[in-house]
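Here's a quick walk through one protein model, with an eye on its metal site and its empty spaces. Have the viewer open and follow along.

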Amino acid sequence: MPEHDYRAYAIRYGHRDNVPAHEAFHRPHAAPADGMDYFVWLVTDGQRSVVVDTGFAEAEGTRRGRKFLRSPDRGLAELGVDAARVEHVVLTHFHYDHIGGQALFPNATFYVQEEEMRFYTGPGASLPVIRESIYLPDVVSLLSANYAGRVQFVDGDREILPGVWVHKASGHTPGMQFVSLETPRGRAVLTSDASHYYANMEEANAFNTFVDLAGVFRGHARIREIASQPELIVPGHDPLVLERLTRVADGIVQL
Ligand SMILES: [Zn+2]
């Protein structure tokens, strides 16, 4: 038996129809059949919880043509978790669809990679191709959280709770990080955008947004190394997650 007994939940909060193949895959590939889902994740052993990412701000997601299906805190409430009382929130990277709901977690400490903060507050951030994935008010609010002592900076890998880790995987963004957790079946990985779709990893065909293509593949290798079995790898945006994992409520599945 593993020492820790965490469960992970994927909570769908948004959706995008019609994702073109050239956006989802760097090399020729069919377009994703069901577009793209947007998730936040909950890791819990019933006592302690970590929330992974906070979703997009409704207005910003809508402006980009994404459907906002529900506020992430509503999904957490269905699992008995009060977002306002959550203490640990991992922000996997700074793209608009991952750090927009910070205000839902007024008592949380946010765990970010130091390099991600440095990059998106530094000289490269103003490049149009870089800033187009960012919603500036989200970054500003994270700066405010830091000045309030609510940001923990990670450089590489770190254990957030006993048995729950973050792992740096530069590639999609400079300070991209994914999460691993000990479950009764072994170590599981929530990849977030280190692999958007199952097919990105399975077919070694990167999602077509990255700052370091070789880094994306190093990330895939690291995920495989850490996960006890391939079935325990949960990609970041794939609608198939809702089919392959165990349904517990509408748009919520458990690993
Ligand atoms: Zn994303």
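What follows goes from the zinc site to a run of strands, and then to the pocket and cavities.

## The zinc site

Before anything else: this is a predicted model. With that said, which residues hold the zinc ion? The ion is coordinated by D97 and D193 through OD atoms, and by H98 and H237 through NE2, at 2.0 to 2.3 Å. Reading along the chain, the donors follow the spacing D-H-x94-D-x43-H. H98 sits in helix α4 (residues 96-99), while H237 is in the loop between β12 (233-235) and α10 (241-244), so these two histidines tie together parts that are 139 residues apart in sequence.

If you were hoping for a neat tetrahedron, the angles say otherwise. The four donor atoms subtend 88 to 161° around the zinc ion, so the arrangement is classed as irregular; to count as tetrahedral, all angles would have to lie between 85 and 135 degrees. Are the two histidines buried or exposed? H98 has 0% relative accessibility and so counts as buried. H237 is buried too, with a relative accessible area of 2%.

## Three strands in a row

Next up is the stretch from β8 to β10. Strands β8 (residues 158-161) and β9 (residues 164-168) pair in the antiparallel sense, over three bridges. One of the contacts to look for is R158, whose bridge partner in β9 is V166. The two strands make a hairpin with two residues between them, and G163 in the turn has a positive phi of about 95°.

On to the next pairing: β9 also runs antiparallel to strand β10 (residues 177-183), and five bridges join them. Here V164 has L181 as its bridge partner in β10.

## The largest pocket

How much space lies in the largest pocket? About 520 Å³. Its lining takes in 25 residues, and the closest to the pocket centre are H95, E132, S133, F207 and T209. The elements that give two or more residues to this lining are α1 (21-24), β2 (36-44), α4 and α6 (128-131). Helix α4 is also where H98, one of the zinc donors, is found.

For anyone thinking about the chemistry of that lining, the residues split into nine nonpolar, nine polar and seven charged.

## Two cavities

Searching the whole structure turns up two cavities of 30 Å³ or more. The largest holds about 50 Å³ of space. Its lining is made up of A169, S170, G171, H172, M176, D193, A194, G215, V216, G219 and H220. By class, that gives four nonpolar, six polar and one charged. D193 is worth a second look, being also a donor to the zinc ion.

The second largest cavity has a volume of about 40 Å³. Among the residues lining it are H172, D193, A194, V216 and H220, which also appear in the lining of the largest cavity. Others in the lining include F207 and T209, both listed with the residues closest to the centre of the largest pocket. This lining divides into four nonpolar, six polar and one charged.

## A closer look at N200

N200 is another residue that lines the second largest cavity. It belongs to helix α8 (residues 198-202). With a relative accessible area of 0%, N200 is buried. For a sense of distance, N200 and F119 are 81 residues apart in sequence and 25 Å apart in space, taken C-alpha to C-alpha.

Terms used
Residues numbered from 1 in each chain as written. Predicted model: local features only at pLDDT ≥ 70, side-chain atom pairs only at ≥ 80, totals over all residues. Heavy atoms only, no water. Donors = N, O, S within 2.8 Å, 3.2 Å for Na, K, Ca; no water. Tetrahedral: all angles 85-135°; square planar, octahedral: opposite > 155°, others 65-115°. Helix = DSSP H or I, 4+ residues; strand = E, 2+ residues; numbered from the N terminus. Buried < 20%, exposed > 50% of the residue type's maximum accessible area, 1.4 Å probe, protein only. Pairing = 2+ DSSP bridges. 1 Å grid on protein atoms, 1.4 Å probe; cavity = no way out; pocket = protein on both sides within 12 Å on 5 of 7 lines; lining within 4 Å. Points joined across faces, edges and corners; volume = space filled by probe spheres on them. Nonpolar A, V, L, I, M, F, W, Y, C, P; charged D, E, K, R; others polar.
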